[in-house]
Amino acid sequence: MGNAADRPDGYGGRPGQLLDRLPWLVRWAVLASLCLLVLTAGAYVLAQIATRLAPLSIALAATLFLTALLDPVASRLRRYRFPPALAALATVLLLLGLLGGAVLLIWRLTADQFSDLSKQLDQGLERTREFVTGALPISQQQLDRLTQQAVGGVQKAAPDPLSGAATVAEALGGLLLVLVLLFFLLKDGRPMWRWVLDRVAGRHRARTAAAGRAGWRTLGAYTRGTMMIAAIDAIGIGIALVVLRVPLALPLAVITFLGGFVPIIGATVAGGVAVLVALAAKGPTTALLVLAAVIAVQQTEGNLLEPLIMKRQVRLHPVVVLLAVTAGTLLGGIVGAFVSVPITAVLYRTIDTIAADRLATSQGAAADRDPAGGGDRADPAAADGEGRDGSGH
């Protein structure tokens, strides 16, 4: 009886021989599935590590965003012959001054409105109660019962004083860590990157440097563009709230600004908060006008301003953005929603740069082997080997 490997049907042969007998579509599906499983497992493990080290992860993410945003300022100061340490310190102090001034301004402008807001909210809630009981098949008793259940749920979910104090202390410690890391990255970020490149193999160094530059430019452009778009949304909706005399217009504009850093979902939630406040304080007519203003501002921003500000280097398809925000929210909550889109944009730009460099290197190697464009085609394996050199020549 012959060996199993000699059978005509191929059963019992080596795994490679059996795999070669499968249709190409099945082989591609198996390989793609394995790659997807490995990438998903890696992303899940990284997300779990980041969740376990949530304070550190939040501090690192905030530091990278602020560094990408403020690096042009520090670079400009260094061009004016500022020492690196002094340029970094001046940039950090400028950031603290702007944030402190904004908080102080908001508090001074809105502190008097909080006393009036309670009365307006009571009146608005009473009008809302009458509207709900008149338009929906629900009685006053049922509405009161639902309201009490909601209030009880909020009170149970509220943290106790000890955990609240621990959260405040943790937030202050994270803020201090962000400021310290920001100073050192602004001061020594470039020497750190050169140190990393020195540890990369020579044939991959140029490609790694190009990919790193592309990713960093994308992060900077995304941060600055998102901040500009969020500011435009906040200013537009804030003006509408002031014109309609909605209370706490400035804090609502700040909420809109912060919500702009979560694409699609953040702006919708911030606009909903503004509409609810207008409904409670001023009634349905004002709430509908606020809703119309929110929709108009967001449509103008999404269809006209965002393509001009973001441009192509950081633009992703809305489906990709929505999937990234959803995945980030499921894995990391609110923080995951904030960082998911920039991480996706940076990874996309980095991978695209590496692929383009490999393609250009392979084509250059093929042209060197056959400069006249005739004769036999260059060996693909040899061209791929040349492409791994990373020199680009």
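**View 1. Just after α3, R81 takes a positive phi of about 70°.** That value comes even though R81 is not a glycine. R81 sits in the loop between α3 and α4 (84–135); helices here are DSSP runs of H or I at least four residues long, strands are runs of E at least two long, and both are numbered from the N terminus. R81 is exposed, with a relative accessible area of 78%. On this scale, buried is under 20% relative accessible area, exposed is over 50%, and partly exposed is in between, using a 1.4 Å probe and protein chains only.

A note for all the views: this is a predicted model, where local features need pLDDT of at least 70, side-chain atom pairs count only at pLDDT 80 or more, and totals for chains, interfaces and linings use all residues. Residues are numbered from 1 along each chain as its sequence is written, and side-chain values use heavy atoms, with hydrogens and water left out.

**View 2. R245 is another non-glycine residue with a positive phi, near 60°.** The loop between α7 and α8 is where to look for R245. At 66% relative accessibility, R245 counts as exposed.

**View 3. Helix α3 covers residues 54–79 and has a kink of about 45° at L70.** The proline P72 follows shortly after the kink. The bend at a residue is the angle between two fitted axes, one for the seven residues ending there and one for the seven starting there. End to end, the 26 residues reach 37 Å from first C-alpha to last, close to the 38 Å expected at 1.5 Å a residue. That expectation is 1.5 Å times one less than the number of residues. The buried residues of α3 include L69, L70 and D71, which run through the kink site, as well as A59, A61, A74 and L77.

**View 4. T223 brings α7 up against α3.** T223 is in helix α7, and at 7% relative accessibility T223 counts as buried. Which residues does T223 touch, leaving out those up to four places away in sequence? They are F65, A68 and L69, where contact means heavy atoms within 4.5 Å. A68 is 155 residues from T223 in sequence, yet their C-alphas are 7.1 Å apart. Both A68 and L69 are on the list of buried residues of α3.

**View 5. The largest nonpolar core has 13 residues.** A nonpolar core is a set of buried Ala, Val, Leu, Ile, Met, Phe, Trp, Tyr and Cys residues joined through side-chain atoms within 4.5 Å. I237, L241, V246, L252, A274, A278 and V290 touch the most other members. The elements giving two or more residues to this core are α7 (202–243), α8 (249–259), α9 (265–282) and α10 (284–310). Zoom in on L241 and, residues up to four places away in sequence aside, you find V246, A249, L252, A274 and V290 in contact. In soluble globular proteins, nonpolar side chains tend to be buried together.

**View 6. T286 of α10 touches two of those well-connected core members.** V246 and A278 are its contacts from that group, and L244 is on the list too, with neighbours within four places in sequence left aside. T286 is buried, at a relative accessible area of 14%.

**View 7. I235 in helix α7 is exposed at 55% relative accessibility.** I235 and V297 are 62 residues apart in sequence, and their C-alphas are 9.5 Å apart in space.

**View 8. F183 and F184 form the one aromatic pair in the count.** Rings of Phe, Tyr and Trp (its six-membered ring) pair if their centres lie within 6.5 Å; planes under 30 degrees apart are stacked, over 60 edge-to-face, and the rest tilted. The two centres are 5.3 Å apart and the planes are at 75°, so this pair is edge-to-face. Both rings belong to partly exposed residues: F183 has 21% relative accessible area and F184 has 39%.

**View 9. Confidence is lowest in helix α12 (residues 380–387), at a mean of 42, and highest in α3, at 89.** The score is pLDDT, the predictor's confidence in each residue, from 0 to 100. Over residues 374–393 the pLDDT is below 50, and this stretch has 27 contacts in the model beyond near neighbours in sequence. Where pLDDT is low, the predicted coordinates should not be read in detail. Across the protein chain the mean is 77, and 77% of residues reach 70 or more.
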